[in-house]
Amino acid sequence: MKRLLLILLLPLPMGCATSEVQPWERGYLAKPEMQLNADPRESALQAQIHYSKEASSGGAGAAGGGCGCN
Amino acid sequence: MGQRPPSLQLPSLTDTQQIVSLDDFSGKVVYLDFWASWCGPCRVSLPALNRIYAELQSQGLVVVAVNVDAETEDAQAFLARYPVDYEVLLDPEGNSPADFEILGMPTAFYIDRNGVVRGVHTGFRKNDEQKVRATLMELLNE
């Protein structure tokens with residue numbers, strides 16, 4: 001049973017071990033649907049509305065938050 | 001640099017039955033350019049290269065552009081917007097850029113009349129057009 005489990009789980013880490021994407025292989029990554037943020041302008045607007053309504057800023061990213069200075 | 005380039009044999013975009021090799025252009029100065037439709041600077045480089053090609057073609061310049069798009073339709077759509085008169089070859093598998101060890105897109109190789117690689121041009125900015133033209137003219141006048 002243990003051995004079976006091992007055999008079943010073995011391919012899992014291998015599946016993630018892809019080689020580095022080469023400069024000429026970025027075609028699929030460059031497609032709009034592959035972006036982390038499909039519509040940056042829309043989300044910037046959403047953030048603007050959220051911050052003004054909540055009278056807060058920061059917290060949504062790595063920068064800002066807490067000091068009230070940005 | 002200073003050596004012969006790796007061998008290159010790829011189908012032509014206009015006629016995929018036709019296999020084009022770098023050896024076909026011996027005695028000419030070759031600007032071998034690797035590009036893709038998703039590559040931002042290629043929107044600048046292809047029209048610029050087409051202008052340079054139009055000017056220097058009669059002096060013995062050949063521009064060979066290797067498209068590395070995985071989908072050939074992407075390349076065709078790009079070329080419909082930015083048409084070029086020079087030879088475009090297809091390498092959807094991306095084997096040739098690996099052979100040439102290119103580090104960015106676009107990357108181009110200057111090959112002189114003796115078939116020797118004399119320089120590499122990586123990336124493309126607006127002002128690069130003059131630089132590329134000047135280098136090619138130097139090689140043509142040798």
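This passage looks at how chains A and B meet and at the salt bridges found in the structure, which is a predicted model.

The interface is a good place to start. Here, 12 residues of chain B are in contact with seven residues of chain A. Together the two chains bury about 740 Å², and carbon and sulfur atoms give 68% of that area. Polar links are present as well: two residue pairs are in polar contact between chain B and chain A. On the side of chain B that touches chain A, eight residues are nonpolar, two are polar and two are charged.

One salt bridge is found across this interface. It pairs the side chains of Lys31(A) and Asp74(B), with a distance of 3.6 Å from N to O. Over all chains, the count of salt bridges comes to seven. The pair of Lys31(A) and Asp74(B) joins two chains, because Lys31(A) lies in the loop between helix 2 and helix 3 of chain A, while Asp74(B) belongs to helix 2 of chain B. Both partners are partly exposed, Lys31(A) with a relative accessible area of 25% and Asp74(B) with 26%.

Within chain B, Arg118(B) deserves a look. Its side chain meets that of Asp112(B) in a salt bridge of 2.9 Å, and Arg118(B) also forms a salt bridge with Glu142(B), at 2.8 Å between the closest N and O atoms. Arg118(B) lies in strand 7 and Glu142(B) in the segment after helix 4, so this pair ties together parts that are 24 residues apart in sequence. Arg118(B) is partly exposed at 39% relative accessibility, Asp112(B) is buried at 4%, and Glu142(B) is exposed at 56%. Elsewhere, Arg51(B), Glu55(B), Glu129(B) and Arg133(B) are joined into one network by salt bridges that share partners.

How values were computed
Residues are numbered from 1 along each chain as its sequence is written. Chains are lettered from A and ligands numbered from 1 in the order in which they are written. This is a predicted model: local features need pLDDT of at least 70, side-chain atom pairs count only at pLDDT 80 or more; totals for chains, interfaces and linings use all residues. Side-chain values use heavy atoms; hydrogens and water are left out. Contact means heavy atoms within 4.5 Å. Buried area is the accessible area (1.4 Å probe) that two parts lose on being put together, summed over both. A salt bridge is a side-chain nitrogen of Lys or Arg within 4 Å of a carboxyl oxygen of Asp or Glu. A polar contact is a pair of N or O atoms within 3.5 Å; within protein, one must be able to donate a hydrogen and the other to accept it, and residues adjacent in sequence count only if both atoms are side-chain atoms. Ala, Val, Leu, Ile, Met, Phe, Trp, Tyr, Cys and Pro count as nonpolar, Asp, Glu, Lys and Arg as charged, and the others, Gly among them, as polar. Helices (H or I, at least four residues) and strands (E, at least two) are DSSP runs, numbered from the N terminus. Buried means under 20% relative accessible area, exposed over 50%, partly exposed in between (1.4 Å probe, protein chains only).
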